[in-house]
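Please walk through the structure below with the sequence at hand, taking the backbone first, then the strands, and then the charged side chains.

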Amino acid sequence: MPFARLATATTPTCHIGLGLAAVGRPGYINLGRDEDLGENRSAEALRARTHELLDAAYAQGVRYFDAARSYGRSEEFLADWLDANPGIDDVVIGSKWGYTYTAGWSADAETHEVKDHSLAAYDRQRAETDALLGDRLDLYQIHSVTPDSPALTDKDLHARLAQAAAGGLTIGFSTSGPAQADAIRAALAVTVDGEPLFRTVQSTYNALEASAGPALAEAHDAGLTVIVKEGMANGRLAEPHAPDALKAVAAATGLGCDAVALAWILRQPWVGVVLSGAATVPQLLSNLHAPVVDLDLDQLTRLATLKEEPRAYWERRGQLPWH
């Protein structure tokens with residue numbers, strides 16, 4: 001397990017990773033992104049921004065970096081950074097397959113990504129990822145598994161993934177949608193030759209959408225590393241969009257709403273890594289205060305009132321515009 005490398009880390013930030021969804025392509029659904037990125041969304045501008053974030057994250061003790069085939073050119077930007085820093089050998093690199101980026105470097109495209117969990121898609125995208133990240137890739141995840149995903153039942157795909165695992169690659173999956181818990185439990189039951197196939201799970205979990213929590217705890221108990229994504233609910237838990245209850249708790253701690261929101265996640269004993277989706281270095285540095293936030297019982301009770309019904313949460317997420 002590549003995440004064993006993080007087990008001996010002593011920095012408070014070792015349980016925070018950097019996700020590249022917001023900076024690998026010109027369009028994404030995070031609130032406030034127009035202000036974060038400005039008008040220059042060229043590949044070179046976002047490459048430079050990605051490298052700036054990776055430099056800052058590494059300097060602050062972050063050791064897990066997360067990309068995907070559908071995050072525009074995120075794998076390419078990450079590979080360039082790794083090539084420019086050959087002495088960095090203590091990071092864990094993860095990516096995902098299962099969605100193809102189709103926006104043609106436009107924030108206004110009608111379709112930004114297309115889902116395909118077939119064996120043919122895996123073979124094609126695995127070759128594309130290998131061409132960029134090569135042996136630096138530690139973790140390859142199926143992107144956004146849902147209960148009806150053929151990736152849960154395709155025995156030929158399972159055999160191919162098990163072959164990759166036998167070659168040293170860790171195999172995981174991510175989830176999305178209101179039925180995340182069902183997808184997680186179905187994936188936990190997938191075995192090849194009697195052995196569990198998946199060693200990590202990456203799911204949406206935050207103060208607004210916590211329904212996957214019990215299933216993620218089961219995954220942790222089964223030996224999987226749990227990675228939490230969208231801890232900021234695509235910007236809904238950050239200033240100025242944060243609910244009043246979160247703003248009040250943040251004011252009492254003297255830190256940002258983002259740090260409090262991520263701290264709430266880090267309190268869960270089953271969490272291995274929480275992803276920061278920062279698009280600027282100040283956002284990243286604010287996120288990295290999360291491990292030192294101490295929330296008392298009253299504050300936790302107030303934050304518990306923020307939970308939404310899962311279908312309502314995902315319906316609202318689906319309505320967020322691509323900026």
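Does Ala233 count as buried or exposed, judged by its relative accessibility? The model is a predicted one, and in it Ala233 has a relative accessibility of 1%; because buried means under 20% relative accessible area, Ala233 counts as buried. The backbone at Ala233 also deserves a look, since this residue is not a glycine and yet has a positive phi of about 55°. Ala233 lies in the loop that runs between β11 and α9, and Glu230 lies in that loop as well. Glu230, although not a glycine, likewise has a positive phi, of about 55°, and with a relative accessible area of 14% Glu230 is buried. Further along the chain, a cis peptide bond with an omega of about 0° joins Glu239 and Pro240, and the place of Pro240 is again the loop between β11 (225-229) and α9 (244-253).

From this loop we can turn to strand β7, which covers residues 170-175. Because 6 of the 6 residues of β7 are buried, the strand is largely enclosed by the rest of the structure. Both of its faces are covered, with Thr170, Gly172 and Ser174 buried on one side and Ile171, Phe173 and Thr175 buried on the other. Strand β6 (residues 139-145) runs parallel to β7 and is joined to it by 5 bridges, and within this pairing Gln141 has Gly172 of β7 as its bridge partner. The chain passes from β6 through helix α6 (residues 155-166) to reach β7, and this β-α-β crossover is right-handed. Strand β7 also pairs with strand β10 (residues 200-204), in the parallel sense and over 3 bridges; here Phe173 stands opposite Val201 in β10.

The charged side chains come next. Side chains of opposite charge can pair when their charged atoms come close. A search of the whole structure finds 17 salt bridges, and a few of them are worth following one by one. Glu76 and Arg47 meet through their side chains in a salt bridge, with an N to O distance of 2.9 Å. Because Glu76 lies in helix α4 (residues 74-84) and Arg47 in helix α3 (residues 43-59), this pair ties together parts that are 29 residues apart in sequence. Arg47 itself counts as buried, at 13% relative accessibility.

Arg47 also meets the side chain of Asp80 in a salt bridge, at 2.2 Å from N to O. Asp80 lies in helix α4 whereas Arg47 lies in helix α3, so that this pair ties together parts that are 33 residues apart in sequence. Asp80 is partly exposed, with a relative accessible area of 28%. Both contacts belong to a network of salt bridges that links Glu44, Arg47, Arg73, Glu76 and Asp80.

A further salt bridge lies within one helix: Arg124 and Glu128 are both in helix α5 (residues 119-133), and because they are 4 residues apart there, about one helical turn separates them. The closest N and O atoms of this salt bridge are 3.7 Å apart. Arg124 is partly exposed, with a relative accessible area of 35%, and Glu128 is also partly exposed, with a value of 28%.

How values were computed: Residues are numbered from 1 along each chain as its sequence is written. This is a predicted model: local features need pLDDT of at least 70, side-chain atom pairs count only at pLDDT 80 or more; totals for chains, interfaces and linings use all residues. Side-chain values use heavy atoms; hydrogens and water are left out. Buried means under 20% relative accessible area, exposed over 50%, partly exposed in between (1.4 Å probe, protein chains only). Helices (H or I, at least four residues) and strands (E, at least two) are DSSP runs, numbered from the N terminus. Two strands pair if DSSP finds at least two bridges between them. A crossover is right-handed if, with the strands pointing away from the viewer, the path from the first strand over the helix to the second runs clockwise. A salt bridge is a side-chain nitrogen of Lys or Arg within 4 Å of a carboxyl oxygen of Asp or Glu.
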